[in-house]
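Student: May we go through a protein model together, asking at each step why a term applies?
Tutor: Certainly; please look at the sequence and the structure first.

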Amino acid sequence: MIGSPPYTRRLLLGRGVGAALLLPAATCAAAGHRPARTPAHASHAPLVVVDPGHGGKDPGAIGVSGTFEKHIAFAAASELARQLRASGRYQVALTRHNDVFIPLEDRVAIAQAHGASLFISMHADAVDDHSVKGASVYTLAATASDAQSASLAESENAADRYAGPEAADVSPQVAEILASLVRHETRVGSAHMQQHVVAALGHEVPLLDNPARHAGFAVLKSADIPSVLVEMGFMSNRHDEAALRQAGHRAMVATAIHHAIDSFFASDGQQARIIG
Ligand SMILES: [Zn+2]
């Protein structure tokens, strides 16, 4: 009754079933934040959505010397978007263009509404242990890979305390059944992207121990779009904060992610076409 996975994906996702059922509250809200799409030179260039964490009334983590994570995330995401556009190989959309608050599920909905082929959320969060430092890359999982990741996801998801009660997740059971048809392939793509980013970042900046981690980040919950969350470092660590305040360091991080995106689409091109 059900065809091959690619056919199923097109059937379900091409008609927006995934977005409509998975994000009933966020889809409409996201329309008000719809970012402008930048045309790429190639007409069928994949769309990468770059998500600067936090914003507006949500500062994110506050660094040891007072730096707001939201500013670091936006500066790094803007640099990545600039590099991707300059390459002429991608369409690029940012989830926010200035210092505004956007609920986590709206960020997912923006990527859904644009038919994104890849979603990258950029952060520099904080942990209690100020000696913890280095970059890491997260994928979505119901169970966190470690206690620190669980704590990070919990504090990250708490960003929606700013959003009000209408942001609650009310996915119906049927949405879960449909989503399971596409979720596996998306997980595989997310894991591949994670490995590409870890490898590329490892050439440029210090990494956290076990840098490929997973946890229940709400912003990674697209059923149909490979999604990763890059922790560029920790605002709670003096060295990471100082580095991330430097444009040159952020450019290195962005270049590494850019290379990882190139590798992802080179090796996962078939998947990107199916999704797109
Ligand atoms: Zn964050």
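**Rings, strands and their terms**

Tutor: F217 is buried, because its relative accessible area is 1%, and buried means under 20% (exposed is over 50%, partly exposed in between, with a 1.4 Å probe and protein chains only). This is a predicted model in which local features need pLDDT of at least 70 and side-chain atom pairs count only at pLDDT 80 or more, while totals for chains, interfaces and linings use all residues. Residues are numbered from 1 along each chain as its sequence is written, and side-chain values use heavy atoms, without hydrogens and water.

Student: Why does Y138 count as buried?
Tutor: The relative accessibility of Y138 is 0%, so Y138 counts as buried.

Student: What makes the pair of Y138 and F217 edge-to-face?
Tutor: Rings of Phe, Tyr and Trp (its six-membered ring) pair if their centres lie within 6.5 Å; planes under 30 degrees apart count as stacked, over 60 as edge-to-face and the rest as tilted. The centres of Y138 and F217 are 5.1 Å apart and the planes stand at 75°, so the pair is edge-to-face.

Student: Which parts of the chain does this pair tie together?
Tutor: Y138 belongs to strand β4 (residues 135-140) and F217 to the loop between β5 (207-215) and β6 (227-231), so parts 79 residues apart in sequence are tied together. Strands (E, at least two residues) and helices (H or I, at least four) are DSSP runs, numbered from the N terminus.

Student: Why is the pair of Y90 and F265 called tilted?
Tutor: Y90 and F265 lie 5.6 Å centre to centre with 45° between the planes; an angle neither under 30 degrees nor over 60 counts as tilted. This pair links Y90, in the loop between α4 (69-87) and β2 (91-94), with F265 in helix α9 (residues 247-267), 175 residues apart. Both Y90 and F265 are buried.

Student: How do you know that β4 is mostly covered?
Tutor: In β4, 5 of the 6 residues are buried.

Student: How do you know that β4 pairs with β5?
Tutor: Two strands pair if DSSP finds at least two bridges between them. There are 5 bridges between β4 and β5, which run parallel; A135, for instance, has L207 in β5 as its bridge partner. With β6, β4 shares 3 bridges, and these two strands run antiparallel.

Student: What makes β2 and β5 edge strands?
Tutor: The open sheet has 6 strands in the order β2-β1-β3-β6-β4-β5, with mixed pairing. Its edge strands are β2 and β5, each pairing on one side only.
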